[in-house]
Amino acid sequence: MIYVADTSVFITGYIPDGCEEVFTVEKVLEEVKDKFSKLNYISSSVRVYSPDAKYIEETKTEAKSTGDISRISSTDLKLLSLALELKEENSEVKILTDDYSIQNVAQRMSIEYEGIQQPEIDEKFKWIERCEGCKREFEAGLYEKCPVCGSDLTDRLFEQNKISDLKEDVDS
Ligand SMILES: [Zn+2]
């Protein structure tokens with residue numbers, strides 16, 4: 001399953017199980033960087049793509065018909081257009097968003113969607129901070145600078161399942 005991620009995905013770090021690829025639009029990464037200037041993404045895990053104008057026009061038409069056009073931002077519109085383009089290319093795609101208007105337009109275009117901030121959240125990744133100097137890793141939000149060498153820390157997504165895999169190996 002390919003996911004098209006809105007801003008909240010990058011803030012929560014929530015990536016669902018069965019996710020093969022994450023797509024987003026340039027604007028989303030810009031928005032996130034404005035909010036968290038320190039944030040540094042593993043660029044290889046997220047594909048940034050600009051949807052074709054044809055799909056943007058089609059999405060606008062659909063958003064007008066549902067009455068959501070005045071409620072969605074140009075970034076939201078591009079996310080929807082991107083999802084539509086991927087779907088037209090026969091990709092199995094889902095939009096990850098909690099935004100009701102995005103969900104509404106997605107439904108109209110027969111694009112699957114999924115909310116993010118659900119209580120049963122199954123986090124595959126969590127944020128950690130890695131020291132740029134000694135490369136030690138710390139739980140996010142604990143330190144301003146590396147407590148060992150004093151270098152700057154960079155936020156990174158860390159695969160939580162690597163920890164549980166290790167534990168299972170030890171048990172068996
Ligand atoms: Zn350090």
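Which residues in H5 are buried? Keep that one in mind while you get oriented; the tour comes to H5 soon. What you have open is a predicted model.

**Stop 1: the whole chain**

Colour by secondary structure and you should find 6 helices and 8 strands. Walking from the N terminus, the elements come in the order β-α-β-α-β-α-α-β-α-β-β-β-β-α. The chain has 172 residues, and 27% of them count as buried. Now think about who touches whom: take the contacts with a separation of 6 or more, and 57% of them join residues 24 or more positions apart.

**Stop 2: tyrosine 3**

Select strand S1, residues 2-5, and pick out tyrosine 3 in it. Is tyrosine 3 buried or exposed? It counts as buried, because it has 25 C-beta neighbours inside 10 Å. Show what is around it: leaving out residues up to four places away in sequence, tyrosine 3 touches Pro16, Cys19, Val22, Lys94 and Leu96. Two of these, Lys94 and Leu96, fall in strand S4, which covers 93-96. For a distance to try in the viewer, go C-alpha to C-alpha from tyrosine 3 to isoleucine 15: you should get 8.8 Å, for a pair 12 residues apart in sequence.

**Stop 3: helix H5**

Back to the opening question. Select residues 100-108, which is H5, and highlight Ile102, Val105 and Ala106: these are the buried ones. Turn the view until you look down the axis of H5; the buried residues fall within an arc of 105 degrees, so they line one face of the helix. What does that set of residues pack against? Show helix H3 (53-66), H4, strand S4 (93-96) and strand S5 (112-114), and you have the partners.

Before moving on, step just past the end of H5 to serine 110, where phi is positive, about 60 degrees.

**Stop 4: H4 against H5**

Add H4, residues 74-88, to the view. Two packed helices are described by the angle between their axes and the distance between the axes. For H4 and H5, the angle is about 30 degrees and the axes are 10 Å apart. The two helices are therefore roughly parallel to each other, and their crossing is right-handed.

To see the contact itself, show side chains for Asp76, Leu79, Leu80 and Ala83 in H4, which meet Ser101, Ile102, Val105 and Ala106 in H5. Sorted by class, this contact has 6 nonpolar, 1 polar and 1 charged residues. The three buried residues of H5, Ile102, Val105 and Ala106, are among those that meet H4.

**Stop 5: H3 against H4**

Keep H4 on screen and bring in H3. How do these two lie relative to each other, parallel or perpendicular? The angle is about 115 degrees, with the axes 8 Å apart. That makes H3 roughly perpendicular to H4, and the crossing is right-handed.

On the H3 side, select Tyr55, Ile56, Glu58, Thr59, Lys60 and Ala63; they meet Leu77, Lys78, Leu80, Ser81, Leu84 and Glu85 in H4. By class you are looking at 6 nonpolar, 2 polar and 4 charged residues. Leu80 deserves a label of its own, since it takes part in the contact with H3 and also in the one with H5.

**Stop 6: H3 against H5**

Hide H4 and leave H3 and H5. Their axes come within 9 Å and cross at roughly 110 degrees, so this pair is roughly perpendicular too. Here Thr59, Glu62, Ala63, Ser65 and Thr66 in H3 meet Asn104, Val105 and Arg108 in H5. The class count for this contact is 2 nonpolar, 4 polar and 2 charged residues. Thr59 and Ala63 meet H5 here, and both also meet H4.

**Stop 7: two loops**

Finish with a pair of backbone oddities. Go to the loop between H4 and S4 and find asparagine 90. Its phi is near 70 degrees, a positive value in a residue other than glycine. Asparagine 90 counts as exposed, because it has 7 C-beta neighbours inside 10 Å.

Then jump to the loop between strand S6 (125-131) and strand S7 (137-139), where lysine 135 sits. Lysine 135 is not a glycine either, yet it has a positive phi of about 65 degrees. With 10 C-beta neighbours inside 10 Å, lysine 135 counts as exposed.

Conventions:
Residues are numbered from 1 along each chain as its sequence is written. This is a predicted model: local features need pLDDT of at least 70, side-chain atom pairs count only at pLDDT 80 or more; totals for chains, interfaces and linings use all residues. Axes are lines fitted to C-alpha atoms, for helices over the stretch in contact, and angles run from 0 to 180 degrees between N-to-C directions. Helices (H or I, at least four residues) and strands (E, at least two) are DSSP runs, numbered from the N terminus. Angles under 35 degrees count as roughly parallel, over 145 as roughly antiparallel, 65 to 115 as roughly perpendicular and the rest as oblique. A crossing is left-handed if the near helix is turned anticlockwise from the far one by less than a right angle, and right-handed if clockwise. Two residues are in contact if their C-beta atoms, placed from the backbone, lie within 7 Å. Ala, Val, Leu, Ile, Met, Phe, Trp, Tyr, Cys and Pro count as nonpolar, Asp, Glu, Lys and Arg as charged, and the others, Gly among them, as polar. A residue is buried if 20 or more other C-beta atoms lie within 10 Å of its own, exposed if 12 or fewer, and partly exposed in between; C-beta atoms are placed from the backbone. The arc is that of the directions from the helix axis to the C-beta atoms.
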